[in-house]
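The report below is meant to be read with the sequence and the model side by side. Please look at both before going on to the text.

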Amino acid sequence: MKRRILIQSIRRGWHTLISRKVFLTCLILVPLAFIFFFIDMMDEGVAMKVPSAVVDLDHSSMSRQVTRTLSSSELVDVSRKIESFHEGVTQVRRGDIFGFFMIPADFQRDALSGRTPTITYYCNMTYFVPGTLMFKGFKTVAVTTAGGLVQTTLVSAGMNSGAVSSMIQPVAIQQQGIGNPWMNYNYYLTNSFVPGIIALMVALVAAYSICEEMKRGSSISWLRDAGGSMVVALVGKLLPQAVVASCIGVLCQAIMYGFNDFPMHCPAWHMVLAMIMLVVASQAFAVIVCCTLPNLRFAVSICSLCGILAFSIAAFSFPVEQMYPSIGIFSYILPVRYYFLIYIDQALNGIPLYFSRWYYVALMIFPLVSFVGLPRLKKHMLNPVYLP
């Protein structure tokens, strides 16, 4: 009898899912659109050759050498040579270039005479990634030029070139990128934003489909078909959504790790399990919100707000330890935070599964916590009152 009721409830959930195009769009089309967007946008791993310009007011052999050094940088593309500061600012405002490198007049004369010429570079930081890359390229050339001028001056004064080199750079720095030595933005952004989008869509669809029963006044028949059990009703409604979302999530992982060779230094089932648990935890988060605020507008708004804030406070781009405690504490109530930690530990660093066990446990806690509020949710479902 109970098995028949559960099957009947699941059939109703499947019918509801496939009859609403918005549900299928959120669970299937949106995640796939985002993963193809990020993979295509970051196909080269990191933005290279940012369009820039040089304002050479000196036109000397030394300034031309600086321009050639800048042109050889892999971060900037000196596509234009302009003649004045105002022309450079105008082209930046038009969006033709993202910044320009300015060599002052009498640059070579001042450098050789021991004066201190000033090299200025302007970067449009409105566009953060190209602006930051350009700033790095400009600064590298400026520091290299400054070091070369110092070396030339000291050697001209009679110092040994070897001693001058050790004085300018007493310590050789070697950079080693741990986990992502390729400095590939694609490995980082796609693996954080796509699971975040999936978690957001899953929570929204779950919250909407639950509270919609109350809005339409069909919550009583929904519970009656489930034999009066709130657990059976939720399983019947959310299980079809979980299956679809999990399949899409695993497909996204296959696209990243299989077809695009994203680093994965762990058995595949570690990440597949994490994705399935992320989907279930996101649904449980939506159930918790619906139990707390059994109102369609409020529940969907809270899930949307938490899902969007997850991109900021789940430590995708800023470490939780450096956040204000009153803000950082909210990262621990977001399921996608624990998926991201699993990805770092397992796929990137490949550490033993034992050391990531608590992150899996944290994802399991969300469904358990959702059971606490089910009596309250059932009470409102039996007495549906929709407040617009």
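In this predicted model, the buried residues of helix α15 pack against three helices, namely α11 (268-292), α14 and α16 (374-382). These buried residues of α15 are Y360, A362, L363, F366 and S370.

The packing of α15 with α14 can be followed in detail. Helix α14, which covers residues 335-348, and helix α15, which covers residues 357-370, meet at an angle of about 160°, and their axes are 9 Å apart. Because angles over 145 degrees count as roughly antiparallel, α14 and α15 are therefore described as roughly antiparallel to each other. The crossing of these two helices is left-handed. On the side of α14 the contact is made by P335, Y338, L341, I342, D345 and Q346, while α15 contributes Y359, Y360, A362, L363 and F366. Sorted by character, the residues of this contact comprise 9 that are nonpolar, 1 that is polar and 1 that is charged.

A second part of the model to examine is the sheet. Four strands, in the order β2-β1-β3-β4, form an open sheet whose pairing is mixed. Strands β2 and β4 stand at the edges and have a single partner strand each, so one side of each is left without a neighbour in the sheet. From one strand to the next, the twist averages 25°. As general background, strands of a sheet pair through backbone hydrogen bonds, and they do so either parallel or antiparallel. Here, β1 and β2 run parallel and are joined by 6 bridges; within this pairing, V54 has K81 of β2 as its bridge partner.

The residue ranges of the strands are set out below.

| Strand | Residues |
|---|---|
| β1 | residues 50-56 |
| β2 | residues 76-82 |
| β3 | residues 99-103 |
| β4 | residues 120-123 |

Which helix lies across these strands? Helix α4, made of residues 85-94, lies across β1, β2, β3 and β4, and its direction is at about 170° to that of β3.

One residue in another helix may be considered last. S9 has its place in helix α1, which spans residues 2-19. Is S9 buried or exposed? With a relative accessible area of 4%, S9 is buried, because the cut-off for that term is under 20%. When residues up to four places away in sequence are not counted, S9 touches A226, V232, A233 and G236.

How values were computed:
Residues numbered from 1 in each chain as written. Predicted model: local features only at pLDDT ≥ 70, side-chain atom pairs only at ≥ 80, totals over all residues. Heavy atoms only, no water. Pairing = 2+ DSSP bridges. Axes fitted to C-alpha atoms, helices over the stretch in contact; angles between N-to-C directions. Contact = heavy atoms within 4.5 Å. Parallel < 35°, antiparallel > 145°, perpendicular 65-115°, else oblique. Left-handed = near helix turned anticlockwise from the far one by under 90°. Nonpolar A, V, L, I, M, F, W, Y, C, P; charged D, E, K, R; others polar. Buried < 20%, exposed > 50% of the residue type's maximum accessible area, 1.4 Å probe, protein only.
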